[in-house]
Amino acid sequence: MIVKNYNHIFESMEKDIRINVWHLALILAILRLAYLQDNFTTIRVSRSVLMRLSHIRTFPTYHKYFKELQEFGYITYSPSYHPGFRSTITLNIGKINNQIK
């Protein structure tokens, strides 16, 4: 079950004082896309879909919190510069617990 497999990511985020509601909204949007794609290893994403699913309305807010998720080690983002291919995200589930103090 998805909730049991990814419950520790939310436990880690709960302990991480850097995380706020916008980070959580983005993670939930990413997990929703992974569920819809039935693929939790490499998730194909687009900015417009993530913004819609996370209810983030402005580009600066989206980019700030998306970048912070990368810096904090929660996700690895691989951009695609080809208009026909989507960028991908990998959730760094195993690495998260080691980084939180």
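**Exercise 1. Determine whether Tyr-62 and Phe-66 are buried or exposed, and characterise the ring pairs in which they take part.**

Step 1. Tyr-62 is buried, as is Phe-66; buried denotes under 20% relative accessible area, exposed over 50%, and partly exposed the range in between, with a 1.4 Å probe and protein chains only. The model is predicted: local features require pLDDT of at least 70 and side-chain atom pairs count only at pLDDT 80 or more, whereas totals for chains, interfaces and linings use all residues. Residues are numbered from 1 along each chain as its sequence is written, and side-chain values use heavy atoms, with hydrogens and water left out.

Step 2. Both Tyr-62 and Phe-66 belong to helix H4, four residues apart, or about one turn of the helix. Helices (H or I, at least four residues) and strands (E, at least two) are DSSP runs numbered from the N terminus. An α-helix has 3.6 residues a turn, so residues three or four places apart point the same way.

Step 3. A search of the whole structure yields two aromatic pairs. Rings of Phe, Tyr and Trp (its six-membered ring) pair if their centres lie within 6.5 Å; planes under 30 degrees apart count as stacked, over 60 as edge-to-face, and the rest as tilted. Tyr-62 and Phe-66 make a stacked pair, 5.3 Å centre to centre with 20° between the planes. Phe-66 and Tyr-77 make an edge-to-face pair, 5.0 Å centre to centre with 90° between the planes.

Step 4. The pair of Phe-66 and Tyr-77 links distant parts of the chain, from helix H4 to strand S2 (residues 75-78), eleven residues apart. Phe-66 is buried at a relative accessible area of 5%, whereas Tyr-77 is partly exposed at 29%. Ring pairs thus join Tyr-62, Phe-66 and Tyr-77 into a cluster.

**Exercise 2. Describe the geometry of helix H4 and identify which of its residues are buried.**

Step 1. H4 (residues 59-71) has 13 residues, and its first and last C-alpha atoms are 18 Å apart, close to the 18 Å expected at 1.5 Å a residue. The expected span is 1.5 Å times one less than the number of residues.

Step 2. The buried residues of H4 are Tyr-62, Tyr-65, Phe-66, Glu-68 and Leu-69. They cover an arc of only 160° around the axis, which puts them on the same side of H4; the arc is that of the directions from the helix axis to the C-beta atoms.

Step 3. Pro-60 and Glu-71 are exposed on the other side of H4. Gly-73, with a positive phi near 90°, follows the helix.

**Exercise 3. State which elements supply the largest nonpolar core, and locate Leu-50 within its surroundings.**

Step 1. The largest nonpolar core has 27 residues, and those with the most contacts inside it are Leu-26, Ile-27, Leu-50, Tyr-74, Ile-75 and Leu-91. Such a core is a set of buried Ala, Val, Leu, Ile, Met, Phe, Trp, Tyr and Cys residues joined through side-chain atoms within 4.5 Å.

Step 2. At least two residues of this core come from each of helix H1 (2-15), helix H2 (21-37), strand S1 (43-45), helix H3 (47-54), H4 and strand S3 (87-91). H2 gives the most, with seven residues.

Step 3. Leaving aside residues up to four places away in sequence, Leu-50 touches Leu-26, Ala-29, Ile-30, Leu-33, Val-45, Tyr-62, Phe-66 and Ile-89. A contact here means heavy atoms within 4.5 Å.

Step 4. Leu-50 is one of the buried residues of H3, together with Val-49, Met-51 and Ser-54. Their cover includes H2, S1, H4 and S3.

**Exercise 4. Examine the backbone phi of Asp-38 and His-55 and state where these residues lie.**

Step 1. Most residues other than glycine have a negative phi, and most peptide bonds are trans.

Step 2. Asp-38 is not a glycine, yet its phi is positive, about 55°. Asp-38 occupies the loop between H2 and S1 and is exposed, with a relative accessible area of 68%.

Step 3. His-55, likewise a residue other than glycine, has a positive phi near 60°. His-55 lies in the loop between H3 and H4 and counts as exposed at 53% relative accessibility.

**Exercise 5. Summarise the organisation of the whole chain.**

Step 1. The secondary structure comprises five helices and three strands, in the order α-α-β-α-α-β-β-α from the N terminus.

Step 2. Of the 101 residues, 41% count as buried. Among contacts with a separation of 6 or more, 55% join residues 24 or more positions apart.
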